[in-house]
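Ready for a walk through a protein model? Keep the picture open beside you, and we'll take it one stop at a time.

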Amino acid sequence: MSPKHDIEFALNGIRQRVTVPATMNTLEMLRDVLGLTGTKYGCGEGECGACTIQVDGVSMNSCLMFAVDCDGRELTTIEGLANDTRADALRASFVEHGAVQCGFCTPGMVMQADHLLHKHPEPDAETIKAGIEGNICRCTGYKKIVDAIACVGCTNK
Amino acid sequence: MNVVAKKPRTIPESSLIGTRIPKMDAPEKASGRTRYIHDINLSGQLYGKILRSARVHARIVAIDTSAAKALPGVHVVLTAADVPDQRPIGVARDHFPLKGDRVRSQRDEIAAVAAESEEIAAAALKLIKVVYEDLPVIADPEDAIKPGAPLLHPAPAGAQPAGATVAHRGKADNIAMRFDYAHGDVVQGEAESDVVIEDTFKLHYVTHCCMGVSGMIAEFDASGSLLMYSNTQVPFLHKREFAEYLNMDPARVRIIQPPIGGGFGSKLDIYPFEVICLFLARAARRPVKLVFSREEEFLASPTRQPVLLTLRSGCKKDGTLTFRQVHTLHDNGAYTSWGATTPFVMMQTFSSLYRVPHCDYHTVAVYTNNPYAGSFRGYGNLQATFAIEQQMDEMAAAIGMDPLAFRLKNAQHTGEVTGQGMEFKSCGFTDCLNTAAQRSDFSRKFADNAAERNQPGHLKRGIGMASMLHVGGGAKIYPSDGCGTILKMDDFANVTLITGASEIGQGSETVLSQLVCEELGLPISALTVVNNDTAITPWDVGVHASRTTFIAGNSAIGAAKKAKTKILAVAAQKFGCTAEELDLRGGCVIKAADGEVVTELSKLIRNLHFSDKAELVMTTFYYEPPSVHQGKDYKGDVSAAYAWATQVVEVEVDTDTGIVRMLKVTGAHDVGRVLNRLGIEGQVEGGIVMGQGYALTENLMIENGVMKNPNFRDYKLITAPEIPEMDVSFIESMDGEGPQGAKGIGEAPAICIAAATANAIANATGVRLYDLPFTPERVYRALHGQTPKLYWKPWVPAA
Ligand code: FES
Ligand code: FES
């Protein structure tokens with residue numbers, strides 16, 4: 001068993017103190033230690049985006065980040081996005097535009113889209129596509145996801 | 001009528017059919033609350049893991065599990081020797097969950113562990129020692145059918161231990177399955193032909209890549225009953241099969257299906273890991289959860305079946321098709337799953353997509369040491385369509401006819417019965433062809449691109465079309481193709497729809513609710529759907545063959561109609577009129593003539609409950625499509641309705657690099673009728689992009705039985721920046737048997753893309769590609785004359 005570390009960080013606005021093995025990644029910590037299962041495992045190798053969270057306001061693949069590196073940071077997961085009106089609009093837009101089928105990619109997609117809209121409040125389709133390039137969806141063919149994000153963007157105008 | 005209305009309120013007529021209704025479970029999914037199988041944990045749960053073969057083909061000489069058993073935290077270690085009663089599984093019952101004497105592929109399961117944590121289970125696997133003796137690897141299906149080829153499934157040697165079952169008694173050759181079909185006389189057909197073309201096509205391995213990896217949780221209760229959390233697409237059939245594998249009473253098996261992270265056909269068979277999970281739970285007397293890693297998902301999931309196919313067709317100068325002769329060789333892999341039966345669907349495309357007077361079709365699926373193939377959206381039809389639709393273009397060119405005109409001349413029409421005996425009661429094929437062609441400006445672009453082909457410049461534009469025929473009204477694969485519904489209305493006039501139909505992300509719960517609401521005049525918000533627990537839901541044959549909207553939809557409508565009759569009868573009595581004078585609309589009982597509100601439905605139902613003749617509005621309905629069944633010669637119908645589509649693909653080919661960009665897809669789909677426009681667009685767009693992956697980027701590389709790219713880095717799925725512009729039209733042929741006229745759509749949109757892309761590349765460059773996928777290297781080589789023409793001489797079986 002690998003050595004353990006005590007770390008402290010903010011998760012969705014709440015202070016957390018946990019002890020994690022040095023080898024554990026943030027995705028495992030969120031799901032297995034903290035019981036937040038909205039963040040998904042799709043590959044564990046940074047290739048699918050299902051595990052996307054925001055760390056200090058920047059989107060990250062949580063499977064690629066060691067849990068110990070969360071020390072002192074601010075993490076937001078899909079569960080934490082709930083208190084934000086722009087995020088409400090984003091989620092509602094995903095629902096209304098049919099951007100959700102099996103829904104397994106959706107939490108990661110929403111987290112990535114939220115980050116994208118921070119950087120580009122009114123993104124065009126090409127910017128959106130490039131922005132979600134790292135998020136795989138096997139069901140929708142992406143078009144409705146792009147439309148959903150664009151529609152939130154246009155209400156930002 | 002003695003209605004005491006203060007101010008008569010009327011409700012205008014309206015319909016939900018064809019509107020855009022968001023998926024009912026989408027809000028939960030978009031906020032990360034949905035609990036998939038990976039997110040469910042039971043108290044006392046152990047973690048299961050499987051040791052897979054380190055060899056492709058070998059005899060197992062010895063297995064030593066003692067060190068693994070001694071590891072703290074390990075509860076159970078199982079090998080084949082620990083489950084002497086295990087029974088053969090799969091479509092042909094040709095393999096055991098745990099392999100005892102021989103491994104035949106890289107994925108083969110040798111041992112399994114249940115432990116306190118995943119880490120401990122993984123550590124235990126590393127401590128298991130297996131001694132192998134290598135056997136010759138058969139990696140090429142052509143080698144597998146050669147006379148004298150080593151046998152993959154020879155008869156078991158020596159006497160078997162008492163009570164032991166054998167996977168099968170052994171086979172004298174490596175042929176897993178054969179299909180032979182004919183109508184007419186191809187010799188005569190060929191004699192009547194002005195043009196005859198023969199080509200060999202080669203289709204590759206791809207896999208489903210569901211975003212949610214496979215998994216299962218199994219638990220036996222104190223009395224030995226089994227509860228499974230499973231992602232199966234066919235819970236009711238699997239209930240019986242699981243019981244058989246465990247030698248227990250099926251009545252004591254319950255399957256709960258949590259929401260699933262994608263299906264696409266992958267969950268249609270029972271796989272070794274599922275039975276192994278049950279063995280572990282039984283031995284440990286604790287719940288066991290077994291979930292794959294992504295690498296394991298690649299290695300141990302079924303694939304789409306690779307096919308080698310030689311097609312010979314002919315036509316007359318006027319464009320009339322004369323015959324078609326087909327030989328295919330399917331790589332079955334080491335064991336038999338549904339992939340082996342895909343020739344059954346391919347046959348329909350060859351015999352019946354167009355009017356072909358003479359057709360001869362032979363196919364063999366052979367055992368090799370490769371991964372085994374399962375069912376995958378389209379079920380053989382992508383492979384068949386790839387060949388047929390390319391050859392349609394070749395023949396059109398040979399007689400100097402426009403590809404659209406050539407297809408229109410041979411296209412099926414409503415009312416036709418094909419050589420195979422399939423009857424097309426609703427057929428919008430011609431409309432599909434014309435609509436897709438007009439919307440994409442096909443004929444003009446096709447001619448322009450061909451004319452500009454030899455102009456200078458390395459970027460060439462191409463346009464290509466392909467069409468398809470697929471089952472759209474269920475598929476009579478099992479003795480029954482039915483689905484049951486229970487409908488219950490509470491005293492607020494809210495409805496619980498309990499359906500056998502499984503939801504795998506396609507939106508069945510929404511479309512079924514919509515059909516019920518349409519009958520009962522209720523808003524979607526009045527519906528709750530229960531669809532995931534075999535202890536509650538009525539029987540259904542499973543989600544496959546694009547059948548759910550058609551079959552479960554008709555079942556749901558049947559239940560709703562019964563409820564409506566019941567409600568209107570009571571209302572008629574109460575308000576002193578006939579039931580025919582009333583209707584349901586906007587949550588109210590109304591006068592059919594003018595929409596005037598008679599009473600709120602909830603009020604009526606509450607009155608019903610609290611009267612001395614208390615009654616519940618509760619109905620059941622079972623729908624089985626009008627009986628269709630093929631004989632041994634495969635003649636006859638297979639579905640109550642058929643779906644049609646034409647897709648036009650536009651590409652840009654870079655002749656310097658071989659890179660093909662898909663610019664636009666124009667699709668026209670005969671779906672009978674659009675029910676939920678949002679849902680159906682989503683199915684089509686998702687299918688198009690899945691087809692794009694099949695055509696351009698996805699390729700599971702298997703070398704000598706070993707998978708080279710079991711990860712998303714090297715197995716390239718389409719990402720957002722690569723998607724084409726999509727223009728999708730729906731042809732509403734209003735099927736007489738379909739729910740509100742609708743037919744199935746699930747598989748159709750993925751089917752034509754590869755074929756249409758091949759035709760587009762040929763239009764752009766003048767070079768035709770016969771094997772998939774169209775990677776830059778393959779395209780570059782073909783464009784620069786480095787690809788010898790593919791030819792597979794059809795294998796003729798000994799009589
Ligand atoms: S799970 Fe992290 S990128 Fe796939
Ligand atoms: S909705 Fe299924 S993977 Fe995106």
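Let's start with a pair of charged side chains: B:Asp393 and B:Arg407 meet in a salt bridge, with 2.9 Å from N to O. Bear in mind as you look that this is a predicted model. The pair links distant parts of the chain, since B:Asp393 sits in helix α10 of chain B and B:Arg407 in helix α11 (residues 403-410) of chain B, 14 residues apart. Are these two buried or exposed? B:Asp393 has a relative accessible area of 7%, so it is buried. B:Arg407 comes out at 0% relative accessibility, so it counts as buried too.

Now stay with helix α10, because it leads us to a sheet. Five strands of chain B, in the order β7-β15-β14-β13-β8, make up an open sheet with mixed pairing. Which strands stand at the edges? They are β7 (175-183) and β8 (195-203) of chain B, and each has a single partner strand, so one side of each is left without a neighbour in the sheet. From one strand to the next, the twist averages 5°. Helix α10 (residues 381-398) of chain B packs on this sheet and touches β8, β13 and β14 of chain B. The direction of α10 makes about 150° with that of β8(B).

Zoom in on one pairing inside the sheet. Strand β13 (residues 307-315) and strand β14 (residues 321-333) of chain B run antiparallel, and 9 bridges join them. If you want a spot to click on, B:Leu311 stands opposite B:Val326 in β14(B).

Back to charges for a moment. Side chains of opposite charge can pair when their charged atoms come close. How many salt bridges does the structure hold over all chains? The count is 54. One of them is between A:Arg91 and A:Asp88, at 2.5 Å from N to O. Both residues lie in helix α2 (residues 85-96) of chain A, 3 residues apart, which is about one turn of the helix. Their surroundings can be read from the accessibility values: A:Arg91, at 11%, counts as buried, while A:Asp88, at 36%, counts as partly exposed.

Another salt bridge joins B:Arg282 and B:Asp85, whose closest N and O atoms are 3.9 Å apart. B:Arg282 belongs to helix α7 (residues 272-284) of chain B, and B:Asp85 to the loop between β3 (74-79) and β4 (102-103) of chain B, so this pair ties together parts that are 197 residues apart in sequence. B:Arg282 is partly exposed, with a relative accessible area of 31%, and B:Asp85 is partly exposed as well, with 39%.

Just ahead of helix α7, look for B:Ile270 in the loop between β11 (253-256) and α7 of chain B. With a relative accessible area of 0%, B:Ile270 is buried. What is it in contact with, leaving aside its neighbours within four places in sequence? The answer is B:Ile89, B:His238, B:Glu241, B:Phe242, B:Tyr245 and B:Val275.

Next, jump along chain B to helix α19 (residues 776-783), where B:Val779, B:Ala782 and B:Leu783 are buried. Look down the axis of α19(B) and you'll find that its buried residues fall within an arc of 95°, so they line one face of the helix. Those buried residues pack against β24 (642-654), β25 (660-670) and α18 (753-765) of chain B. Just after α19(B) comes B:Gly785, which takes a positive phi of about 65°.

Last stop: the place where the two chains meet. The contact takes 49 residues from chain B and 37 residues from chain A. The size of an interface is often given as the accessible area lost when the parts come together. Here, the area buried between chain B and chain A is about 3700 Å², and carbon and sulfur atoms give 61% of that. B:Ala30, B:Met211 and B:Ala720 supply 17% of the area that chain B buries against chain A, more than any other three residues.

Charges show up here as well, with 8 salt bridges across the interface of chain B and chain A. In one of them A:Lys144 pairs with B:Glu685, the closest N and O atoms being 3.2 Å apart.

How values were computed
Residues are numbered from 1 along each chain as its sequence is written. Chains are lettered from A and ligands numbered from 1 in the order in which they are written. This is a predicted model: local features need pLDDT of at least 70, side-chain atom pairs count only at pLDDT 80 or more; totals for chains, interfaces and linings use all residues. Side-chain values use heavy atoms; hydrogens and water are left out. Two strands pair if DSSP finds at least two bridges between them. Helices (H or I, at least four residues) and strands (E, at least two) are DSSP runs, numbered from the N terminus. Axes are lines fitted to C-alpha atoms, for helices over the stretch in contact, and angles run from 0 to 180 degrees between N-to-C directions. Contact means heavy atoms within 4.5 Å. Buried means under 20% relative accessible area, exposed over 50%, partly exposed in between (1.4 Å probe, protein chains only). The arc is that of the directions from the helix axis to the C-beta atoms. Buried area is the accessible area (1.4 Å probe) that two parts lose on being put together, summed over both. A salt bridge is a side-chain nitrogen of Lys or Arg within 4 Å of a carboxyl oxygen of Asp or Glu.
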